[in-house]
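The following explanation is meant for a reader who meets this structure for the first time. It moves from the cysteines to the aromatic rings, and then to helices, core and loops.

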2 protein chains.
Amino acid sequence: MEPCRLASELAVGERASLSHTVSELEFALFAAATGDLNPIHFDRSYAEATFFKGTIAHGMLCAGLISSLIGGRLPGVGTIYVTQTLRFLRPVRAGDGLTVAVEVLEVDVPRNLVRLRTTCTNAAGGVVVDGEALVEPPKKRPSQELARAMESRTKRLEEALSRAVSAFASDLRRWEEGEEHPEGTPPGGNVSDAA
Amino acid sequence: MEPCRLASELAVGERASLSHTVSELEFALFAAATGDLNPIHFDRSYAEATFFKGTIAHGMLCAGLISSLIGGRLPGVGTIYVTQTLRFLRPVRAGDGLTVAVEVLEVDVPRNLVRLRTTCTNAAGGVVVDGEALVEPPKKRPSQELARAMESRTKRLEEALSRAVSAFASDLRRWEEGEEHPEGTPPGGNVSDAA
């Protein structure tokens with residue numbers, strides 16, 4: 001786990017960022033989490049005929065990356081989300097390498113509030129999502145003992161999630177192979193089982 | 001697939017809503033999609049000692065439900081997200097039954113822009129997330145033929161996702177059983193394999 005920062009330790013202009021390449025597997029996991037199966041994210045023949053000329057990521061997937069950076073790094077664990085604004089400026093496609101960044105715009109120590117600029121930028125330097133977050137940083141740091149225990153539990157969760165994602169991906173891959181060669185499957189039949 | 005609505009067909013005050021009970025499985029899927037493994041969502045002993053007195057959902061999971069309703073129902077398929085504001089007002093816990101609602105606040109037909117109020121409310125009537133979205137509704141409706149083909153592909157994706165989620169959940173459950181009875185597992189050992 002990354003360390004957390006208290007309001008009194010944050011300075012205007014301080015930044016944190018993460019790099020992440022989004023994948024179709026993440027679109028599927030996000031859809032499974034939220035129920036958002038919009039064809040713009042999955043249906044290639046539909047999406048290619050739209051303004052976007054192909055499938056795109058859920059906008060809120062980028063918002064989830066921003067939230068992850070705020071809660072994991074700056075200010076970090078213990079941060080409470082108050083507000084977030086989001087402007088969706090460009091589409092994000094599977095394979096796009098994103099840089100997600102937060103920058104401290106304002107620190108109000110007495111009210112324990114921090115305002116952050118939040119951006120996602122693609123590899124070509126185009127801002128895909130920007131906005132601002134208002135958050136309450138943690139009021140105290142966890143003890144070293146608690147921090148170690150949390151880190152160890154998070155590591156175990158990470159390993160377990162990684163195995164569960166493999167199971168999810170392998171199940172879904174059988175279905176995708178069926179979708180790419182639908183002539184071999186009965187109309188309306190169970191595509192995954194046919195693969 | 002639900003029908004989509006063009007700007008000229010929308011009236012101020014028109015609403016759409018969906019009901020959804022959030023689950024720990026969705027927290028895990030959301031974490032797998034976004035990399036957000038913050039202990040407030042997963043680590044019970046940590047979370048119980050915080051202001052929230054227990055684990056809570058990712059705020060952006062609710063934002064994902066709002067986005068799903070906008071893109072799937074009002075205005076529906078073909079909608080382009082321009083902006084979203086989010087105020088996180090109350091925590092959401094696993095098992096909470098949420099009502100996600102959008103209401104048309106303003107329609108600008110010449111500029112093809114629609115402003116929506118967006119809210120998530122819990123079973124006790126408390127607003128957990130509110131905000132506003134600015135969206136571009138679709139400029140035309142898909143042909144009946146395309147709509148039928150999309151519906152059929154979305155249904156197959158839904159079935160495939162449902163099977164993939166079962167595989168994910170079953171893998172994760174073995175790990176959770178290990179976490180609940182850690183005395184039977186070697187320190188630092190592979191908890192999932194021990195279950």
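**Cysteines, rings, helices and core**

In this predicted model, a search of the whole structure over all chains finds zero disulfides. A disulfide is a covalent bond between the sulfur atoms of two cysteines. A:Cys120 takes part in no disulfide, and the nearest cysteine sulfur, which belongs to A:Cys62, is 4.5 Å away. Because a disulfide requires sulfur atoms within 2.5 Å, that separation does not qualify. A:Cys120 counts as buried, at 0% relative accessibility. In chain B, B:Cys62 is likewise in no disulfide, with the sulfur of B:Cys120 as the nearest cysteine sulfur at 4.5 Å. B:Cys62 is also buried, and its relative accessible area is 2%.

The aromatic residues come next. Over all chains, the structure holds six aromatic pairs. A pair of aromatic rings is described by the distance of the centres and the angle of the planes. One of the pairs is formed by A:Phe51 and A:Phe52; this pair is edge-to-face, with 5.1 Å centre to centre and 75° between the planes. The two partners differ in their surroundings: A:Phe51 counts as exposed at 67% relative accessibility, whereas A:Phe52 is buried with a relative accessible area of 12%. Another pair joins A:Phe88 and B:Tyr81, whose ring centres are 4.8 Å apart and whose planes stand at 40°, so this pair is tilted. The pair crosses between chains: A:Phe88 belongs to strand 2 (residues 80–88) of chain A, and B:Tyr81 to strand 2 (residues 80–88) of chain B. Both A:Phe88 and B:Tyr81 are buried.

A wider view of chain A places these details in context. Its secondary structure comes to six helices and five strands, and from the N terminus on the elements run β-α-α-α-α-β-β-β-β-α-α. Taken along the principal axes, the C-alpha atoms of chain A fill a box of roughly 65 × 40 × 25 Å. Of the 195 residues in chain A, 48% are buried. Among the contacts in chain A with a separation of 6 or more, 64% come from residues 24 or more positions apart. The area that chain A exposes is about 8,900 Å², of which carbon and sulfur atoms supply 50%.

Helix 4 deserves separate attention. In chain A, helix 4 (residues 59–72) has 14 residues and reaches 20 Å from its first C-alpha to its last, close to the 20 Å expected at 1.5 Å a residue. Twelve of the 14 residues are buried, so helix 4 of chain A is largely enclosed by the rest of the structure. Its buried residues include A:Met60, A:Leu61, A:Cys62, A:Leu65, A:Ile66 and A:Ile70. A:Cys62, one of these buried residues, carries the sulfur that is nearest to that of A:Cys120. In chain B, helix 4 (residues 59–72) also has 14 residues and reaches 20 Å from first C-alpha to last, close to the 20 Å expected. Helix 4 of chain B is mostly covered, with twelve of its 14 residues buried; among them are B:Met60, B:Cys62, B:Leu65 and B:Leu69.

The discussion now turns to the nonpolar core. In soluble globular proteins, nonpolar side chains tend to be buried together. Here the largest nonpolar core has 90 residues, and those with the most contacts inside it are A:Phe168 and B:Phe168. Which residues does B:Phe168 contact, leaving aside its neighbours within four places in sequence? From chain A they are A:Leu29, A:Leu161, A:Ala164, A:Val165, A:Ala167 and A:Phe168, and from chain B they are B:Leu25, B:Ala28, B:Leu29 and B:Ala32.

Two loop residues complete the account. A:Arg90 is placed in the loop between strand 2 and strand 3 (97–108) of chain A. With a relative accessible area of 43%, A:Arg90 is partly exposed. Not counting residues up to four places away in sequence, A:Arg90 touches A:Asn122, A:Gly126, A:Val127 and A:Val128. The C-alpha atoms of A:Arg90 and A:Gly126 are separated by 7.6 Å, although the two residues stand 36 residues apart along the chain. In chain B, B:Val77 lies in the loop between helix 4 and strand 2, and it counts as buried at 6% relative accessibility. B:Val77 and B:Ala7 are 70 residues apart along the chain, and their C-alpha atoms are separated by 13 Å.

How values were computed: Residues are numbered from 1 along each chain as its sequence is written. Chains are lettered from A and ligands numbered from 1 in the order in which they are written. This is a predicted model: local features need pLDDT of at least 70, side-chain atom pairs count only at pLDDT 80 or more; totals for chains, interfaces and linings use all residues. Side-chain values use heavy atoms; hydrogens and water are left out. Buried means under 20% relative accessible area, exposed over 50%, partly exposed in between (1.4 Å probe, protein chains only). Rings of Phe, Tyr and Trp (its six-membered ring) pair if their centres lie within 6.5 Å; planes under 30 degrees apart count as stacked, over 60 as edge-to-face and the rest as tilted. Helices (H or I, at least four residues) and strands (E, at least two) are DSSP runs, numbered from the N terminus. The expected span of a helix is 1.5 Å times one less than its number of residues. A nonpolar core is a set of buried Ala, Val, Leu, Ile, Met, Phe, Trp, Tyr and Cys residues joined through side-chain atoms within 4.5 Å. Contact means heavy atoms within 4.5 Å. Accessible areas come from the Shrake-Rupley method with a 1.4 Å probe; for residues, only the protein chains shown count as cover.
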